[in-house]
Each structure stands twice: as structure tokens, then as C-alpha cells.
Amino acid sequence: MEDARPATAAADIGAAHAAVPECGAAPEALAGRDGAEAVSLDAGLSGGSASDGHTKVSESAFCASPEVGDAGCCLPPLTVLGLGTGDTALSPVHESLLRDAEVLVGGRRQLAAFRGHPARQVVIASPVTDALEAVARLREEGRRVVVLADGDPLFFGIGTRVARDFGPDAVRVVPSVSCLQAAAARLGMAWHDTVTVSMHGRDDWRPLAAAVLGGHPVCVLTDGVNTPDRIARHLLDRGVDWFRAHVFEDMGTVEEQAHDLSLAACAALDFGPCCTVLLVPQGEVRGPRTGMPDTFFAAEAGLLTKWPVRAVALAALRVNPADTVWDVGAGSGAMSVECAAVASRGSVWAVERDAARVVCVEENRRRMGAANIEVVHGDAPACLASLPTPDRVFMGGGLGGICADASCPVLHTVCERLAPGGRVVVACVLLGSLERALGVFRNLGWPAEVVCVQASVSSPLAGDMRLAAFNPVHLVSAARPQTGGQ
């Protein structure tokens with residue numbers, strides 16, 4: 001990457017822009033990728049704008065309702081400027097706004113490309129609030145402030161945060177080519193149906209799980225922690241193997257590298273922090289489904305919630321697409337798969353204490369490609385403390401083996417953690433377990449419903465068929481009140 005020259009003329013601004021690669025970022029984490037640790041108001045010189053006969057953008061075009069500052073004058077607009085990739089030319093509007101800026105705001109990597117510019121510089125570091133407060137003060141002084149962004153500032157960029165904090169009427173967003181557009185152009189691929197997920201500065205994998213199960217191409221924005229290889233390993237661990245990974249490193253710079261890989265090959269490599277990944281479906285797209293036959297699932301010693309019981313239990317749970325679901329005493333994980341099929345934008349946490357059964361849960365997750373199932377190996381209720389608040393809970397292990405007395409610590413913990421309006425369904429084979437579950441709900445003042453599932457399934461006999469009965473299972477369901485205590 002070449003050193004930037006002073007960006008005081010259109011050619012110099014273009015050269016500085018070429019030195020700034022695009023790297024998709026979340027608004028909160030934008031500055032963290034370049035090592036900035038503080039807000040600096042003295043890194044550059046404070047000076048006025050140059051007037052050299054180039055096209056000048058009228059400030060009146062920036063906001064429909066000009067704001068009035070402390071001095072009673074109209075505040076200058078706050079501009080968020082997308083720089084695009086290094087191989088994307090800036091428009092005359094971009095060049096004019098950069099040339100006339102009195103304050104440049106951005107990450108250290110971005111500002112380094114404009115170090116010869118006479119504008120004062122504000123470094124965006126974590127927390128972003130500090131830099132935005134400095135921007136507000138400088139704007140109150142009447143300074144023309146330009147916030148630098150990568151590509152399209154409203155595409156998982158700082159523009160969203162700026163518009164939210166200052167209001168859309170005070171902000172002018174001037175976009176450039178986004179990393180998704182640039183990557184799709186390199187592949188000659190239409191991108192209008194692509195789902196984009198940012199893993200930059202994030203540890204929530206649910207949006208990625210929902211995206212890969214939709215059958216569309218997926219654009220993933222990465223960082224130094226959530227690199228393309230880590231993302232590939234995460235997906236393969238959950239049986240998601242039907243994508244081709246197109247990885248673009250340092251896109252738009254002389255160091256750019258493009259990779260066309262299987263997920264397995266991608267998982268075996270090491271990638272840097274500035275990558276854009278396009279996952280393109282190849283072959284059959286799997287995913288969790290309801291109504292799978294019992295014979296499909298791996299199960300330890302036949303420990304499996306039979307499909308008629310799963311069907312009724314799923315109806316009793318009333319799972320919504322974005323719900324967080326716990327399956328406590330998951331056994332084989334068959335019920336987890338059913339819930340994952342409905343909670344397509346949420347997550348399912350399969351909790352199991354037996355190591356052999358945990359292996360079955362993981363195998364069934366892989367077979368289904370159920371990316372939204374998380375497996376928890378531990379003893380309840382202790383292991384429940386670290387899990388996210390559930391909207392729905394299924395307890396399939398039976399209370400007889402979980403607690404030896406009427407206190408039912410696991411069920412009590414579940415009820416304490418359940419979100420207001422959430423539902424819990426307990427599967428009881430033993431009558432003692434049914435009595436204990438009803439006692440817990442009675443003490444909490446939660447109305448409970450009981451459904452006895454008595455199903456018989458056909459099996460061959462003497463050239464004909466007979467009906468073989470399953471053991472009856474009582475499903476006890478209750479809902480936590482929306483308001484008030486328990």
C-alpha cells in the first residue's frame with residue numbers, strides 16, 4: 001500500500017482514497033480494528049477550507065431543516081462520506097467535501113491516508129460515544145465535519161450510528177461502493193437476493209444461522225476474531241456444508257487476494273482481519289424440519305421423544321420464529337431439531353448432562369444442518385445460569401430422574417428464568433412427576449394445562465398390520481404472566 005500524499009487537491013484526495021481499503025464493520029466496532037484507544041482532537045491542524053475553483057457542494061442541500069447552534073447561526077451539515085474500495089474512483093462531490101472539510105473523523109487507518117490534510121482530526125475509538133460527543137462540540141463551533149466511512153456508511157457502517165445520534169435531518173450521507181457490491185462485481189454475480197451478516201465486533205451467531213438456512217447467497221463481514229476460517233469451522237460443526245466460500249482479503253488494495261474454496265478448505269486456512277466473504281449455495285440446502293421419523297435420529301439406548309409426542313409438545317410450546325428455546329434433558333436432541341425448525345431466526349439450547357447423549361445431539365444437529373442449535377453439556381440447574389433468557393422451555397427428561405423431592409429445583413430455575421409471557425412444557429411419563437410439576441405451577445399461581453398423549457403406530461403382523469401403543473406421556477404446559485411477579 002502506497003503512502004498517502006497531502007489530500008488538498010482532487011488528485012491528492014484520490015491518491016489518499018486509494019490507500020484506504022474497505023473492511024466491513026459494525027458501527028460500534030469500527031474503530032477497534034485499527035488499534036485506536038482514545039479520542040484525539042489535536043492529531044491534525046485546525047484550519048479553514050481551500051477555495052481553488054473546484055466544484056463546491058452547497059451546504060443548503062445537506063439538511064431540509066437547518067439546525068441553529070449556540071451562537072444563533074445555522075449549523076453546518078454533518079457529512080458521512082463513504083470512501084469505497086481503493087480501486088473505486090471518488091466522485092467530484094466526494095472530492096469537494098473532503099477538500100473543504102475542517103474536521104475529519106475516522107479510524108486511525110482511514111485518517112492516516114489524509115495526514116497531510118489541513119483539517120483537524122478526531123480519531124474514532126471505543127467507546128464511539130466519546131468521538132461523537134467531540135464531533136457535536138466542533139459542529140456547535142461551526143466547523144465543517146466529515147466522518148469517514150468504508151464503502152456505504154449505512155451498510156453496517158458508522159453512518160447508522162451518526163444518523164441515529166444527530167437525526168437524519170442534520171446528516172448528509174454520501175455513499176460509495178459497498179464491499180458486497182465490490183465482491184459481487186468481481187464474481188459477476190447479482191447480489192439483490194444476498195443476505196448480509198456482520199460478524200465484525202459481534203459474538204451473536206444467530207443472524208448467521210438464520211441466513212445460511214434461507215437458501216440465498218450470504219455476505220459475511222469479518223474481523224480479526226471472527227475470521228473466514230473460524231466462520232467456516234462454526235458452520236461445518238453444525239452440518240452446514242452446502243456453500244462455496246469466496247473470500248476477498250484487503251479488497252481494493254495492491255495486497256488484495258481472492259479465494260474460491262469449499263468450506264472445508266476455507267476452515268483449514270488462516271485469514272487476516274479485513275475480509276469480505278460471499279457464501280454461495282451449492283447443491284442441496286438442508287436444515288431442521290418438523291415431522292422427521294424417529295428412525296432418522298441417532299439415539300443412545302433408544303432415548304428419544306417419539307414423533308407424536310414431539311408434534312403435540314411443539315404445538316403446546318407455540319414457538320415463534322425469533323424465540324430463544326431451551327430443551328432441558330435433550331436426550332437425542334430430536335425435540336431440539338423440531339424447535340429449531342420453527343425458531344428459524346432464534347436459537348435452541350440443547351442441555352444434556354450425559355456425555356453419550358451429547359454426542360447424539362451433536363450428530364443429529366450435523367445431520368440436519370441445524371445451525372441454530374447450541375449444545376450444552378452440563379448439569380441443570382447449575383449450567384442454566386450462563387444461558388440467554390428463554391422464551392420457551394421444553395423439559396423432556398422427566399422430573400422423576402431430575403429431582404428426588406417436591407422442590408423440583410430444575411423446574412423452579414426454569415420458571416425463574418423464563419421471560420414474561422414465555423411458555424414451559426414438561427413431559428411426564430411417571431405419575432409422580434406429573435404431580436410434582438402441577439405442584440410447582442400451583443405454588444407459582446400459573447394456570448397449567450395437561451394433555452395426555454396416547455398414540456399407537458402401525459407395525460406389520462402376519463402379512464397385515466397392527467397398532468403398537470407407545471407409553472402414554474403427560475404434557476404439562478404453563479405460561480409466565482406478562483406483568484407482575486411469578
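In this predicted model, one open sheet has seven strands, arranged in the order β13-β12-β11-β14-β15-β19-β16 with mixed pairing. The edges belong to β13 and β16 (448–453), each of which pairs on one side only. Going from one strand to its neighbour in this sheet, the turn is 15 degrees on average, direction ignored. Within the sheet, β11 (residues 324–328) and β14 (residues 392–395) run parallel and are joined by four bridges. Here D327 is the residue standing opposite F394 in β14.

Helices lie across this seven-stranded sheet as well. One of them, α12, crosses β12 (347–352) and β13, and runs at about 170 degrees to β13. Another, α15 (residues 431–444), lies across β15 (423–428), β16 and β19 (473–479), and its run makes about 10 degrees with β19.

The loop that links α12 (355–368) to β13 (373–377) holds N372. This residue has a relative accessibility of 2%, so N372 counts as buried. Its contacts, with neighbours within four places in sequence left aside, are A209, L213, P288, A340, A343, S344, G346, S347 and V348. Of these, S347 and V348 fall in the stretch given for β12 (347–352). There is also a long jump in sequence to note: N372 and R238 are separated by 134 residues along the chain, yet their C-alpha atoms are 8.3 Å apart.

Now to a second open sheet, this one of five strands, in the order β3-β2-β4-β1-β5 and with parallel pairing. Its edge strands, β3 (120–123) and β5 (171–174), each pair on one side only. Neighbouring strands here are turned by 20 degrees against each other on average, again with direction ignored. Inside the sheet, β1 (residues 78–82) pairs with β4 (residues 145–149) in the parallel sense, over five bridges. Along that pairing, L81 sits opposite L148 in β4.

This sheet has helices packed on it too. Helix α2 (residues 92–100) touches β1, β2 (103–106), β4 and β5, and its direction is at about 130 degrees to that of β1. Helix α4, for its part, lies across β1, β2, β3 and β4, and runs at about 155 degrees to β3.

Besides meeting the sheet, α4 has a helix partner. Two packed helices are described by the angle between their axes and the distance between the axes. For α4 (residues 128–140) and α5 (residues 158–166), the angle is about 55 degrees and the axes are 12 Å apart. The two helices are therefore oblique to each other, and α4 passes α5 in a right-handed crossing. On the α4 side, the contact is made by V128, T129, L132, V135, A136 and R139, which meet I158, R161, V162, D165 and F166 in α5. Sorted by class, this contact comprises seven nonpolar, one polar and three charged residues.

One more residue deserves a look, this time in a strand. T276 is part of β10 (residues 275–281). With a relative accessible area of 3%, T276 is buried. Leaving out neighbours within four places in sequence, T276 is in contact with C179, A183, C219, V220, L221, H246, V247, F248 and M251.

Key: Residues are numbered from 1 along each chain as its sequence is written. This is a predicted model: local features need pLDDT of at least 70, side-chain atom pairs count only at pLDDT 80 or more; totals for chains, interfaces and linings use all residues. Side-chain values use heavy atoms; hydrogens and water are left out. Axes are lines fitted to C-alpha atoms, for helices over the stretch in contact, and angles run from 0 to 180 degrees between N-to-C directions. Angles under 35 degrees count as roughly parallel, over 145 as roughly antiparallel, 65 to 115 as roughly perpendicular and the rest as oblique. A crossing is left-handed if the near helix is turned anticlockwise from the far one by less than a right angle, and right-handed if clockwise. Contact means heavy atoms within 4.5 Å. Ala, Val, Leu, Ile, Met, Phe, Trp, Tyr, Cys and Pro count as nonpolar, Asp, Glu, Lys and Arg as charged, and the others, Gly among them, as polar. Two strands pair if DSSP finds at least two bridges between them. Buried means under 20% relative accessible area, exposed over 50%, partly exposed in between (1.4 Å probe, protein chains only).
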